[in-house]
Amino acid sequence: MKKGISLVCLLFVLLTLTNCKKEDSILKVFVRSASNQLINGAKVIVIGDQQSTPPTGEFVDTAYTNSSGFTTINMDDYFASSENTTGYFDIIVKYNLKVGAGYSRCRVHSTSVETIYLEN
């Protein structure tokens, strides 16, 4: 009887451990106007900051904000090719003739959220 219960418990633990999926690394960027309105269709460029400490590897990605005023950038490609578990990224936003900039620290298996305000 004890062997049966032990076997069931061991099986439960093994199934739990093998079904654990690590969380994606995501950078979520909100873009707002100077009057705090969310902007649809803004171009968001994310660039790895190679001057940071520790240095961030090469990375460039471009996306556009959706109707809710944000975009998500999957950072798993960066972390898959890097030994670092943290990266520092410059964010440049362009919309019509307006430009905004920001900076973000991203960690492996987590979601980082930044808000960039466009100039007047």
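Two strands pair if DSSP finds at least two bridges between them, and that is the sense of pairing used in these legends to a predicted model.

**View 1. The hairpin of E5 and E6.** Strand E5 and strand E6 (residues 98-107) run antiparallel and pair over 10 bridges. Look across from Val-93 and you will find Gly-100 of E6 standing opposite. The hairpin has 2 residues between its strands, and here Asn-96 takes a positive phi near 55°.

**View 2. E2 alongside E5.** Strand E5 also pairs with strand E2 (residues 43-48), again in the antiparallel sense, this time over 6 bridges. A handy landmark is Ile-45, whose bridge partner in E5 is Ile-92.

**View 3. Phe-30 and Phe-70, with a lysine for company.** Searching the whole structure turns up 6 aromatic pairs. In one of them, Phe-30 and Phe-70 lie 5.3 Å apart, centre to centre, with 45° between the planes, and the pair is classed as tilted. Phe-30 belongs to strand E1 (residues 26-32) and Phe-70 to strand E4 (residues 70-74); with their positions 40 residues apart, this pair links distant parts of the chain. The ring of Phe-70 has another partner to look for: the charged end of Lys-28 sits over it, 4.4 Å from the ring centre.

**View 4. Tyr-78 against Phe-89.** The ring centres of Tyr-78 and Phe-89 are 5.3 Å apart, and their planes meet at 85°; the cut-off for edge-to-face is over 60 degrees, so this pair is edge-to-face. Because Tyr-78 lies in helix H2 (residues 76-80) and Phe-89 in strand E5 (residues 86-95), the pair ties together parts that are 11 residues apart in sequence. Both residues fall below the limit for burial, which is under 20% relative accessible area: Tyr-78 is buried at 2%, and Phe-89 is buried at 0%. Zoom out a little and the ring pairs link Tyr-78 and Phe-89 with Phe-59 and Phe-79 into a cluster.

**View 5. The surroundings of Thr-86.** Thr-86 is a residue of strand E5. Its relative accessibility is 11%, so Thr-86 counts as buried. Who are its neighbours? Leaving aside residues up to four places away in sequence, which residues does Thr-86 touch? They are Tyr-78, Phe-79, Arg-105, Cys-106 and Arg-107. Two of these names will be familiar from the previous view, as Tyr-78 and Phe-79 are members of the ring cluster.

Key. Residues are numbered from 1 along each chain as its sequence is written. This is a predicted model: local features need pLDDT of at least 70, side-chain atom pairs count only at pLDDT 80 or more; totals for chains, interfaces and linings use all residues. Side-chain values use heavy atoms; hydrogens and water are left out. Rings of Phe, Tyr and Trp (its six-membered ring) pair if their centres lie within 6.5 Å; planes under 30 degrees apart count as stacked, over 60 as edge-to-face and the rest as tilted. Helices (H or I, at least four residues) and strands (E, at least two) are DSSP runs, numbered from the N terminus. Buried means under 20% relative accessible area, exposed over 50%, partly exposed in between (1.4 Å probe, protein chains only). A charge sits over a ring if NZ of Lys or CZ of Arg is within 6 Å of the ring centre and within 35 degrees of the ring normal. Contact means heavy atoms within 4.5 Å.
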